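This report covers packing, ring pairs, enclosed space and backbone geometry in one protein chain. Please keep the structure open while reading.

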Amino acid sequence: MSSAVATALLAFIPSPDRGVWMLGPIPIRAYAICIIVGIIVAVMWSERRFVARGGQPGTVTDVAVFAVPFGLVGGRLYHVATDWETYFGPGGDPVGALKIWNGGLGIWGAVALGAVGAWIGCRRRGVPLPFFADAVAPGIVVAQAIGRVGNYFNQELYGGPTTLPWGLEIYRRVDPGTGAPDSLGGVALDHTPIEIVHPTFLYELLWNLIVAALVVWADRRFRLGHGRAFAVYVAGYTFGRFFIEMARTDPATRVFGDIRINVVVAAVVFVGAVLYLALVRKPREVLVAPDGDTAGGPHDTDRPADAATDPSDNKVVAEPGDPSP
């Protein structure tokens, strides 16, 4: 048995034969479905956490109306900015910069611009942004994990060759009509792998789930507040992304010689998150409505629907027994 055949037999993770299915003239894209499912899971879980921390039911959904589109635009802008040669360099495809359905969302841009949208929504609902961020932190990183499944269907964001038993089989995809190569919209007619690689998107998916569990544990154990639970998410995610990013082999903008730009960004953001955790020592806050009850408490359900839209309505206080924030 040749070494190439032996390597193929060791790999037990096959790639999907396609990432797009046609429903008549309408393309059903696995990547888009994964993004949508991730958003739904994040909103539902975040809503439960937000109410448990004293927030008003429905607030997370209202804020998501602003945060999600801002985040999608920010994620795409970051991707295009850090991979601009693909779209605007020699032989690039400028129109492709708009084709978000083909993949390409930078988490740094998504979080940054998504935070702007969340700030707008929080202002309208009278909720401090750090309070909101702590509630949604684990939901965001779980949404990222679900989104990585889309990379699996797109057959992208993998690492170098490997002989490990969890290696990922990569197939040649073609347009069924013309036979022309089409890695995103094509179909694998032959399931003989052209290479077997590290599934770095899977590594990140698993790491994201670990980070989500870490945030929940730390939040319960240390009663984190004032954005510190969100900082745990950022620090945990960037720590893992630093190493996973170095293992990826997809084209990327290089800085400082030959370092992938996302490696540098991960390191910088990690340091910022750790400094925030070290410097901010305020206790967990509780959102209190004007009637003295927590904003999500039983009395709050009897208040007018727009009672929390004025930022002056709700007040943030320390948890009972904690010093003043």
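## Nonpolar cores

A nonpolar core is a set of buried Ala, Val, Leu, Ile, Met, Phe, Trp, Tyr and Cys residues joined through side-chain atoms within 4.5 Å. Buried means under 20% relative accessible area. The model discussed here is predicted. Its largest nonpolar core has 24 residues. Those with the most contacts inside this core are W108, V215, F230 and Y233. Five elements are named as giving two or more residues to this core: α5 (107–125), α6, α7, α8 (228–247) and α9 (261–279). Helix α8 supplies the largest share, 8 residues.

V215 shows how the parts meet. Setting aside residues up to four places away in sequence, V215 touches A137, P138, A229, V232 and Y233. Another core, of 14 residues, lies apart from the largest one. Among its members are A64, F131, F132 and L287.

## Aromatic pairs

The structure holds 13 aromatic pairs. One of them joins W21 and F153 in an edge-to-face arrangement. The centres are 6.0 Å apart, and the planes meet at 70°. An angle over 60 degrees counts as edge-to-face. W21 belongs to strand β1 (residues 20–23) and F153 to helix α6 (residues 129–154), so this pair ties together parts that are 132 residues apart in sequence. W21 is partly exposed, at 37% relative accessible area. F153 also counts as partly exposed, at 22%.

The rings of Y152 and F201 form another pair. Their centres are 5.8 Å apart and their planes lie at 35°, so the pair is tilted. Y152 sits in helix α6 and F201 in helix α7, 49 residues apart, and the pair links these distant parts of the chain. Which partner is buried, and which is partly exposed? F201 is buried, with a relative accessible area of 7%. Y152 is partly exposed, at 22%.

Ring pairs also build a cluster. Its members are W207, F239, F242, F243 and F270.

## A buried glutamate

E245 lies in helix α8. Is this residue buried or exposed? At 1% relative accessibility, E245 counts as buried, because the cut-off for buried is under 20%. Its contacts beyond four places in sequence are with R260, N262 and V263.

## The second largest pocket

The second largest pocket holds about 240 Å³ of space. Helices α2 (30–52) and α7 (200–222) are the elements that give two or more residues to its lining. The largest share, 4 residues, comes from α2.

What kinds of residue line this pocket? The lining divides into 3 nonpolar, no polar and 7 charged residues. The full list is W45, R48, R49, A52, R53, V216, D219, R220, R223 and R284.

## The cavity

How many cavities of 30 Å³ or more does the whole structure contain? The search finds 1. The largest cavity holds about 40 Å³ of space. Its lining consists of G19, V20, R29, W101, N102, N154, L184 and G185. These residues divide into 3 nonpolar, 4 polar and 1 charged.

## Positive phi after α6

Most residues other than glycine have a negative phi. Q155 departs from that pattern: its phi is positive, about 55°, although Q155 is not a glycine. Q155 is found in the loop between α6 and β3 (168–170). Q155 is buried, with a relative accessible area of 9%.

L157 lies in the loop between α6 and β3 as well. Phi of L157 is also positive, near 55°, again in a residue other than glycine. L157 is buried, with a relative accessible area of 18%.

## Helix α6 in review

Helix α6 recurs across these sections. It gives two or more residues to the largest nonpolar core. F153 in this helix pairs with W21 in strand β1. Y152 in the helix pairs with F201 in helix α7. The loop between α6 and β3 holds Q155 and L157.

Technical notes: Residues numbered from 1 in each chain as written. Predicted model: local features only at pLDDT ≥ 70, side-chain atom pairs only at ≥ 80, totals over all residues. Heavy atoms only, no water. 1 Å grid on protein atoms, 1.4 Å probe; cavity = no way out; pocket = protein on both sides within 12 Å on 5 of 7 lines; lining within 4 Å. Points joined across faces, edges and corners; volume = space filled by probe spheres on them. Nonpolar A, V, L, I, M, F, W, Y, C, P; charged D, E, K, R; others polar. Phe/Tyr/Trp six-rings, centres within 6.5 Å; stacked < 30°, edge-to-face > 60°. Buried < 20%, exposed > 50% of the residue type's maximum accessible area, 1.4 Å probe, protein only. Contact = heavy atoms within 4.5 Å.
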